[in-house]
Amino acid sequence: MFSSVMNSSFKTSSKPTLACEIADDRVLAGRISENGEVLETCASYELSPGSVVPDLTENNLRQSDAVCQTIRDALGSVAGRARDVIAVLPDAAVRVALLDFDALPATQSEAEGVVRFRLKKSLPFDVEKARVSYQAQTSSSGVRVVAAVALSSVLEDYEAAFRQAGYSPGVVLPSMLAALGAATADRPTLVVKVDARTASIAILDQQQLLLFRTLENTRGVNITGEQLAEEIYPSIVFFQDTYHLNIDRIFVAGLPDSGTALPALRAATGAEVMELVSASQLGSSVGSVPRWRMAGVVGALVS
């Protein structure tokens, strides 16, 4: 998780009640209810083609004024008086990596330096020009770090769009990490989230993130269940060989025709397969908002 003050934590002292996702074709927004279990209201506003082009190294907001206005429209329809927001960015704009260490230094600055050093050779940009945030979790062999890294210039463009729209992006997340907040992972669980450019895969067990991959997706959201099963199969095999566990459950997000895709995934894997975002999490607020697109916003708010 990134924050405006760049602390290396996945928690904030006062979590925003608003979340807003910028995708390449639309802006999605939602406000969580007081009980923190369901979206009170949500909205989806389309962007003109080419307004946002997600990328790790290039300018993402090609029509920044239009994006800013769409953020203002989307959040304005759900925010009420709230102005603090969780900003959810395209997965193609942020690199997420799992790193294993025997141990990490006790001080945050030294630990971040070690994480940056490990990331250095795997990035297509200078890590010194990037923002890095991470979460450390204890593993059987030491410490596993979930690190998110993005060019400062890319993040600053997104943050500026929110601020110009009148909102404060105190927390910034890539879409897949946000979506994981909607997943229950008390047993081996695979989460797959599809968008127009990528297919992101995460495997969790006992609330621990064990595998994370973002794959190029040339078929977009029209990928079939059979094709998606073919894409994720190598990750499932790798997980099984590494941890000697079978996937019990699969959550899917980002597919408009999940009615045919879910049975195909079930047949290919033998796992229980369901949509990541349930109708109950959106309550009666969904209206014409596409539920299959709401995983980032819902996960950011209900986690």
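His244 is found in the loop between helix 5 (225–243) and strand 13 (249–253); helices are DSSP runs of H or I with at least four residues, strands are runs of E with at least two, and both are numbered from the N terminus. His244 has a positive phi of about 55° although it is not a glycine. Most residues other than glycine have a negative phi. At 68% relative accessibility, His244 counts as exposed, where exposed means over 50% relative accessible area, buried under 20%, and partly exposed in between, with a 1.4 Å probe and protein chains only.

The model is a predicted one, in which local features need pLDDT of at least 70 and side-chain atom pairs count only at pLDDT 80 or more, while totals for chains, interfaces and linings use all residues. Residues are numbered from 1 along each chain as its sequence is written, and side-chain values use heavy atoms, with hydrogens and water left out.

A second non-glycine residue with a positive phi is Gln207, at about 65°. Gln207 sits in the loop that joins strand 11 (198–205) to strand 12 (208–216). Its relative accessibility is 49%, so Gln207 counts as partly exposed. Gly166, which follows helix 3, also has a positive phi, near 100°.

Helix 3 itself covers residues 152–164. Its 13 residues reach 18 Å from the first C-alpha to the last, close to the 18 Å expected at 1.5 Å a residue; the expected span is 1.5 Å times one less than the number of residues. The buried residues of helix 3 are Ser152, Val154, Leu155, Tyr158, Glu159, Ala161 and Phe162. An α-helix has 3.6 residues a turn, so residues three or four places apart point the same way. Ser152 belongs to this helix and has a relative accessibility of 17%, which is why it counts as buried. Apart from neighbours within four places in sequence, Ser152 is in contact (heavy atoms within 4.5 Å) with Lys129, Ala130 and Arg131.

Strand 7 spans residues 130–139 and contains Gln135. Gln135 is partly exposed because its relative accessible area is 32%. The C-alpha atoms of Gln135 and Leu210 are separated by 13 Å, with the two positions 75 residues apart along the chain.

Phe101 lies in strand 6 (residues 95–101). With 9% relative accessibility, Phe101 is counted as buried. Its contacts, leaving aside neighbours within four places in sequence, are Val114, Val115, Arg118, Ser141, Gly142, Val143 and Val145. From Phe101 to Asp157 the C-alpha distance is 33 Å, for a sequence separation of 56 residues.

Another pair spans a longer stretch of chain: Ala183 and Ser303 are 120 residues apart in sequence, and their C-alpha atoms are 8.5 Å apart in space. Ala183 is placed in the loop between helix 4 (175–179) and strand 10 (189–194). Although in a loop, Ala183 is buried, with a relative accessible area of 13%. Not counting residues up to four places away in sequence, Ala183 touches Val191, Phe251 and Leu276.

Thr70 is in helix 1 (residues 64–76). Its relative accessible area is 10%, so Thr70 is buried. Beyond its neighbours within four places in sequence, Thr70 is in contact with Val27, Tyr45, Glu46 and Leu47.

The remaining values concern the protein as a whole. Its secondary structure comes to eight helices and 14 strands. The C-alpha trace spans about 50 × 50 × 40 Å along its principal axes. With 303 residues, a compact globule would have a radius of gyration near 19 Å, and the 18 Å of the protein agrees with this; the radius is taken over C-alpha atoms, and the globule rule is 2.2 Å times the number of residues to the power 0.38.

Of the 303 residues, 53% count as buried. Among contacts with a separation of 6 or more, residues 24 or more positions apart account for 64%. The protein exposes about 13200 Å², of which carbon and sulfur atoms supply 47%; these areas come from the Shrake-Rupley method with a 1.4 Å probe, and for residues only the protein chains shown count as cover.

There are 26 positive and 34 negative side chains. Lys and Arg count as positive and Asp and Glu as negative, with His and the chain ends not counted. The centres of the two sets lie 3 Å apart, each charge being placed at NZ of Lys, CZ of Arg, CG of Asp or CD of Glu.
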